[in-house]
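Trainee: I'd like to get better at reading a structure feature by feature. Could you walk me through one?

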Amino acid sequence: TEKREALGEVLNGDRLVSAPYKLNFKEEKDSSVVCKKKLSKDEVAFFRKAVDKDYYFQMYYDDLPIWGFIGKVDKEGKTDPSEYKYFLFKHIQFDVLYNKDRVIEVNARMDPHSLVDLTEDKEVDAEFMYSAKWKETDTPFEKRMDKYSMSSSLPHHLEIHWFSIINSCVTVLLLTGFLATILLRVLKNDFIKYGQDEEAADDQEETGWKYIHGDVFRFPKYKSLFAAALGSGTQLFTLTVFIFMLALVGVFYPYNRGALFTALVVIYALTSGIAGYTATSFYCQLEGNNWVRNLLLTGCLFCGPLFLTFCFLNTVAIVYSATAALPFGTIVVIVLIWTLVTSPLLVLGGIAGKNSKAEFQAPCRTTKYPREIPPLPWYRSAIPQMAMAGFLPFSAIYIELYYIFASVWGHRIYTIYSILFIVFIILLIVTAFITVALTYFQLAAEDHEWWWSVTLFHFYPSECLICYRSFLCGGSTGIFIYAYCLYYYYARSDMSGFMQTSFFFGYMACICYGFFLMLGTVGFRASLLFVRHIYRSIK
């Protein structure tokens, strides 16, 4: 009998069915027979393969998780894998702790002496049994989940987490100290030089960021795409903040099945108005005309790739008959949420943004014709700049990434959300500072196209690269995270086969794309504040 699942549980791949074990409250059982079965040759081979791959079962009793391996491999004294013996467990011992009328803890132990030999391809008779022992405990009901929460808070784990925090903080302090010293000293000299009287200024050779003041606030090309990226990035940033708030107040306790996925779907739908407002208002500030097309682009910029990825991976899951394949009813529910909640809020946000009539705050007038950008050395081109911009924020979070990956794609429990939140704040600070620094160096080289990728190809064959800009600088950390996926897949995980590979790289591509939009927005906003500040300070 299948259990009726909530939306988050279905998205999580949970498909619970009623187990044949009857554990009535305080009713002990001793070797009760569940069923007798003759396993065919094919079933023996099937179970042997599952035992060899360390398959285990996971059950729930009163919402408490229970695990157990389905069998074991006897390798003792044997070096040749062909000599290994494979056994299937057929007797489960349930140990249940209770306090008054409440179940506090459940454990499952497999009887090592009650086995079915699976080594040879032949029919075998199996009699599956279970026992239940009840024992009273003083642990209150409110603390019964502490056992699972503590698994990621063990001393040796905490030491690693705190090492990660200290590593990140040192990175931030060194970076911010270095940048603050350099920028303050350089800017102070710039302000003194540029603040001199006009005659002295006329005698000087025109170099530096002051002399492109008539071009630095020239609106970028592809302004609709740029505004849509900012809107989507702002929405994803808001979504992340709300998820952290729920995590810090204890909503995502261990084995609250599907709570995270439910929260992601609901909050993403409810924050779509923020994307619409941010994108359309900024698009109108950039003197854009077709705000409806901009709104459609905003709605599809993140959801579009995510939907296409989902369609492909769901088809793969259906072919493999995996529980990760969403049933038709769940797909209809998600489509209805998108149609009845996400889209209307996006439109309302867009209308509000259009009617806000905010003007772009530029402290300098823009000249009619743009200045020519001088040729730049190779290390100021797109790839080296993005590599530098993405590496430093990534270095501040990479230790914590392993635990997150092991939780999302493995079986490790992650509950230290406070440390994760600190790492997230550090990530934002490092992203903002490194983007501001690279933007300054770009302006100092008299390159006024600091917004983002305004041209795809230069006329010179040696420079056929996407231009580096503040948005790409901030978002490049997402590319580093995706590169870490390759390392994790091959060096840290035991994943194999087309389905696992496609699911891992497909959904991680969507997550890293979301990081690219979110951190790109953070980088651009920080650069915009910085550029406005320095140009407001000169005569």
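Mentor: Let's go from the overall picture down to single residues. Keep in mind that this is a predicted model.

Trainee: Fine, start with the overall picture. How many helices and strands does the protein have?

Mentor: The count is 16 helices and nine strands. The C-alpha trace spans about 100 × 50 × 50 Å along its principal axes.

Trainee: And what share of the residues counts as buried?

Mentor: Of the 539 residues, 45% count as buried. On the outside, the protein exposes about 29000 Å², with carbon and sulfur atoms supplying 62% of that area. For contacts with a separation of 6 or more, 77% come from residues 24 or more positions apart.

Trainee: Let's take a strand pair. How do E6 and E7 run, parallel or antiparallel?

Mentor: First the general idea: in a regular strand the side chains alternate between the two faces of the sheet. Here, strand E6 (residues 91-99) and strand E7 (residues 102-110) are antiparallel, and eight bridges join them. The two strands form a hairpin with two residues between them. In the turn, lysine 100 has a positive phi of about 60°.

Trainee: Which residue of E7 stands opposite glutamine 93?

Mentor: That's arginine 109. Arginine 109 also meets aspartate 95 in a salt bridge, at 2.8 Å from N to O. That pair links distant parts of the chain, with aspartate 95 in strand E6 and arginine 109 in strand E7, 14 residues apart.

Trainee: Why does arginine 109 count as partly exposed?

Mentor: Because its relative accessibility is 48%, and the partly exposed class lies between the buried cut-off of 20% and the exposed cut-off of 50%.

Trainee: How many salt bridges are there in the whole structure?

Mentor: A search finds ten. One of them joins lysine 37 to glutamate 43, where the closest N and O atoms are 3.7 Å apart. Lysine 37 is partly exposed at 38% relative accessibility, and glutamate 43 is partly exposed at 27%. Another pairs lysine 122 with glutamate 120, at 3.9 Å from N to O. Lysine 122 counts as partly exposed too, with 43% relative accessibility.

Trainee: Now the phi angles. What sign does phi have in most residues other than glycine?

Mentor: Most of them have a negative phi. That makes glutamate 287 worth a look: its phi is positive, near 65°. Glutamate 287 is found in the loop between helix H8 (272-285) and helix H9 (291-301). With 58% relative accessibility, glutamate 287 counts as exposed.

Trainee: And where does serine 321 lie?

Mentor: Look in the loop between helix H10 (303-319) and helix H11 (328-355). Serine 321 is not a glycine, yet its phi is positive at about 55°. Its relative accessible area of 65% makes serine 321 exposed.

Trainee: There's a glycine I'd like to place as well. Where is glycine 410 found?

Mentor: Glycine 410 is in the loop between helix H13 (398-408) and helix H14 (417-444). A relative accessible area of 27% puts glycine 410 in the partly exposed class. Its C-alpha atom is separated by 27 Å from that of lysine 85, and the two residues are 325 residues apart along the chain.

Trainee: On to cysteines. How many disulfides does a search of the whole structure find?

Mentor: The general idea is that a disulfide is a covalent bond between the sulfur atoms of two cysteines. Here, the search finds zero disulfides. Cysteine 485 is in no disulfide, and the nearest cysteine sulfur, that of cysteine 512, is 4.5 Å away. The cut-off for a disulfide is 2.5 Å between sulfur atoms.

Trainee: Is cysteine 485 buried or exposed?

Mentor: Buried, because its relative accessible area is 0%. Cysteine 473 is buried as well, at 0% relative accessibility.

Trainee: Last one, the surface. Which residues form a nonpolar patch?

Mentor: Trp162, Ile166, Val170 and Leu174 form one on the surface, and together they have about 420 Å² of accessible area. Tryptophan 162 has its place in helix H4 (residues 155-194). With a relative accessible area of 43%, tryptophan 162 is partly exposed.

Conventions
Residues numbered from 1 in each chain as written. Predicted model: local features only at pLDDT ≥ 70, side-chain atom pairs only at ≥ 80, totals over all residues. Heavy atoms only, no water. Pairing = 2+ DSSP bridges. Helix = DSSP H or I, 4+ residues; strand = E, 2+ residues; numbered from the N terminus. Patch = residues over 30% accessible without salt bridge, like charges linked within 9 Å, V, L, I, M, F, W, Y side chains within 5 Å. Areas by Shrake-Rupley, 256 points an atom, 1.4 Å probe, with all protein chains shown as cover. Salt bridge = Lys/Arg side-chain N within 4 Å of Asp/Glu carboxyl O. Buried < 20%, exposed > 50% of the residue type's maximum accessible area, 1.4 Å probe, protein only. Contact = heavy atoms within 4.5 Å.
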